[in-house]
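These are my notebook entries on one protein structure. I set down in order what I looked up.

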Amino acid sequence: MVTPVNPPPLAPTSPPPPTDAWQGLVSALPEGVRVRLLHAVHGDPRAAAEAVRLLGDRRSTGLDPLPAEPAALAPSLLRAHRAQIRALPDDTRLLLLLAAADQYPVATHAFLRAVAAARLDTRPLEAAETAGLAHASADGVVFRDAWTRIAAYETGSPADRRDVHRLLARVLRAEGETPLRSWHRGAGALGPSSRLAGELATAAAKARDEGRLPLARALAERAAALCPDRAGQTLLLTRAAVYAWQSGAGDRARTLTARTEDDALTGVLALRAGNAAEAFDALLTAVVREPGEEGDAPSEVDGATPEAASAFDGRNVSATLDTSRPTLTTLDVPDPALHLLARATEAAIYTGDLRRCREADRVARRLGIEPPGTLGGLAAAFEGRYEDARDLLGATAGRCGPGGDPTLLIHAGIAALMLGDHTRATAATVRAAASARVRGVTVAAAQAMEFRAYADFWTGRPRAGEAAAADALWQAYATGQDNGACHLQAALAMFAALTGDADVCRERAATARSYALARGLGLPAALAQWALAYLDLSSGRFAAAAARLRALAGFGPGHGHRAIRHLATPHYVEAAVRTDDTRVARVAHADYHRWASAVRSPDDLALSARCRALLAPGAEAVDHYRTALDLHARGTRDFERARTELLFGSALRRLRHRTEARDRLHSALEAFEHFGAPHGAAQARAELRALGTPATPAATAPDDLTTRLTAQQLMVARMAADGATNREIATRLALSPRTIDHHLRGVFTRLGIRSRIELVRLLAEGEGAEMR
């Protein structure tokens, strides 16, 4: 089976570059490129250092996708590994090839069965173990690293690879192994075959239904390679690109999509990693394209049954597969037009160009398509039809039950957020993430968390929200969703503003705004600006806060967002009153109150009443504050309720209502300390001191680290205790090493320690106490 080859002398792999050298090279890349590159090279520092030097300008900046093939990432490293494999005896190389084919690029777990079926002797594996390349285990073969496994596979001749794939296909006969058997049959094929292309397409659809999207992608891509006609190839490549994108392989999806020129998929990818305005145009084009238009890419890879596939052997693969539908059905959803309109709505939301929502709404109605509720709701809100918007958004927000389509659940969450219903928004986004994971559509989980963060801002969960958003940020970068990562960076800037971490707030806001403004993403740009304004407001820099929020109101699409401007109105009114400039604030409040009255959200009505109190003279404010607190009691925005109590207590102090002022301020102080919001707590303490009633520090359990550290500090502390360097932590959290150093110094100060050894001990004690 294996042709004897005289092996060259052993060529050891090159020594790894110095830690600082390779990390310095990688850290110079944009966050998304850095995360995906480290994943692509399997975390190997030698491969990372080599790959960075080979990427070129467009790939280094993320404009072009990373190479899909290992040989294009680290050719020198791979050559060295191949040389080590070739130095082994023939029988050893055969066993390693069989093991590698069983694991790469699709894991099929059939090595031991194949060895038994072919009656192979496994003793030659001892040579690989002696060379330190691989060793036998109870489950098969364990390679030294991923690059050794890849080299073992690529060192085999094409004929040898076909033979081992056919052997593996013969032993994969158990129930549920049909897609894996088809994979090996396709990998063992000599050349194009309609029969095998149809079989692989069927297997891909089965793997998709089972939530095994990486396998579905590999099957569809191999089917395209075996398909003898161009129409079928394009169809299968498009489906492979969809599976790659849904499973989180963003760079591979972009590479495959470039070969298909599919408007629908191009629009989806641009929405998450390109220019959102261009995404909107591509998505709307896909909606209006007529079936059968010349130049349309084939539409859907539903696949045929195995019997049907065999019946069409030797015929055009398009006869086996359904190519009669328009391009948009390549997205593989029950109602493609509705799905694309939902995506177009997202593009309009990200840009902040709500006029585009009205345009999409008109197109949908002209085509006889009932538009998604978020689309119609946004269009109605833009036109000032607030009651209509409320009804449309309310119907969408109501569709947040468990087990639904992740995209529709995300839209339910967005609609609920617009209506001020944070309980329903949380339920919808959490269920969207859970549904995405169950279906294997990991790409949607991070997007759900983008909108979950808004509910976490105001419902008193800044610590948990910050931790969840930081994890989602990593997922967004890893799956090629740099636009979503930008949105999460802005959300993390807001969390940092709430928890008083000024350095992190400014760094994340600057990162978000720089990326957002370059790609026309008005939503994250506006959210980052709001975070900076809130930091100013809570720090007593009222003029700076008012200036930022006034500027926010003037930003157009791609630079600002009407929804963020609307949400920030209560803060703008507060800053404007503090600077005695209320003319514009009164106009902004009037529109805010009109919306709050239409949607009847207790929290929005409470904030409107708070605005009235701030704008009212003297004693008139008291009744408005009482109304605001009564409404807050029926809502969920606990953080804003604490701020209302702080402002009310301050007003009562100035009116010399000392007893009630003290009660309100103590309540606000307790809430801010619970939320981990030091600026709000400091303001409450200052007001209490002005009353002559100094506040006592909150009691903190000595072993409860979560109350002594911010969420960001706790994440840094845990990673440092696990042995990560400052640069590694910075890479993981998408922050600068300088900021990580600042965090660690803050951790040491708050915990009263001087070394990482003490930090490890404290964390271990704290986790032990939590378990008890």
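**Entry 1: terms and overall picture.** Before I began, I fixed my terms: a residue is buried under 20% relative accessible area, exposed over 50%, and partly exposed in between. I also noted that the model is predicted. I then looked up the overall make-up and found 45 helices and two strands. Of the 772 residues of the protein, 57% count as buried. I recorded an accessible surface of about 30700 Å², with 52% of this area belonging to carbon and sulfur atoms. I turned next to contacts between residues at least 6 apart in sequence, and 67% of these join residues at least 24 apart.

**Entry 2: the nonpolar cores.** As a general point, nonpolar side chains in soluble globular proteins tend to be buried together. Here I found that the largest nonpolar core has 240 residues. The residues with the most contacts inside this core are L37, L96, W147, F457, M494, L527 and L759. A second, separate core has five residues, among them L537, F542, A546 and A575. I then listed the neighbours of W147, leaving aside those within four places in sequence. W147 is in contact with V41, H42, D44, A47, P70, L73, A74, L77, L78 and H81.

**Entry 3: helix α7 and the loop after it.** I examined helix α7, which covers residues 90-103 and has 14 residues. From its first C-alpha to its last, α7 reaches 20 Å, close to the 20 Å expected at 1.5 Å a residue. Helix α7 is mostly covered, with eleven of its 14 residues buried. Among the buried residues of α7 are T92, R93, the leucines L94 and L96, and D102. L96 is also one of the residues with the most contacts inside the largest nonpolar core.

I then followed the chain into the loop between α7 and α8 (111-118), where P105 is placed. A cis peptide bond joins Y104 and P105, with omega about 0 degrees. In the loop between α7 and α8 I also located H109. The phi of H109 is near 55 degrees, a positive value in a residue other than glycine. Is H109 buried or exposed? H109 has a relative accessible area of 67%, so I entered H109 as exposed. I noted for context that most residues other than glycine have a negative phi, and that most peptide bonds are trans.

**Entry 4: another positive phi.** I looked up D580, which lies in the loop between α34 (569-578) and α35 (583-599). Its phi is near 55 degrees, again a positive value in a residue other than glycine. D580 is exposed because its relative accessible area is 71%.

**Entry 5: aromatic rings.** I counted the aromatic pairs and obtained 14. One of them is the edge-to-face pair of F639 and F672, 5.8 Å centre to centre with 70 degrees between the planes. This pair links distant parts of the chain: F639 is in helix α38 (residues 638-654), F672 is in helix α39 (residues 658-675), and they are 33 residues apart. Both F639 and F672 are buried. They belong to one aromatic cluster, which also includes Y350, F451, F457, W530 and F675.

I looked at charges over rings as well. R161 lies over the face of Y153, at 5.4 Å from the ring centre. R594 lies over the face of Y386, at 4.3 Å from the ring centre.

**Entry 6: helix α38.** I returned to the helix that holds F639. Helix α38 has 17 residues and reaches 25 Å from its first C-alpha to its last, close to the 24 Å expected at 1.5 Å a residue. Helix α38 is mostly covered, since 13 of its 17 residues are buried. After α38 comes R656, whose phi is positive, near 65 degrees.

**Entry 7: two buried helix residues.** I located T739 in helix α44 (residues 737-751). Why is T739 counted as buried? The relative accessibility of T739 is 1%, so T739 counts as buried. Not counting residues up to four places away in sequence, T739 touches V504 and E507. T739 and V504 are 235 residues apart along the chain, and their C-alpha atoms are separated by 7.0 Å.

I then located H566 in helix α33 (residues 562-567). H566 counts as buried because its relative accessibility is 18%. With the same sequence neighbours left out, H566 touches Y592 and W595.

Definitions and conventions
Residues are numbered from 1 along each chain as its sequence is written. This is a predicted model: local features need pLDDT of at least 70, side-chain atom pairs count only at pLDDT 80 or more; totals for chains, interfaces and linings use all residues. Side-chain values use heavy atoms; hydrogens and water are left out. Helices (H or I, at least four residues) and strands (E, at least two) are DSSP runs, numbered from the N terminus. Buried means under 20% relative accessible area, exposed over 50%, partly exposed in between (1.4 Å probe, protein chains only). Contact means heavy atoms within 4.5 Å. Rings of Phe, Tyr and Trp (its six-membered ring) pair if their centres lie within 6.5 Å; planes under 30 degrees apart count as stacked, over 60 as edge-to-face and the rest as tilted. A charge sits over a ring if NZ of Lys or CZ of Arg is within 6 Å of the ring centre and within 35 degrees of the ring normal. The expected span of a helix is 1.5 Å times one less than its number of residues. A nonpolar core is a set of buried Ala, Val, Leu, Ile, Met, Phe, Trp, Tyr and Cys residues joined through side-chain atoms within 4.5 Å. Accessible areas come from the Shrake-Rupley method with a 1.4 Å probe; for residues, only the protein chains shown count as cover.
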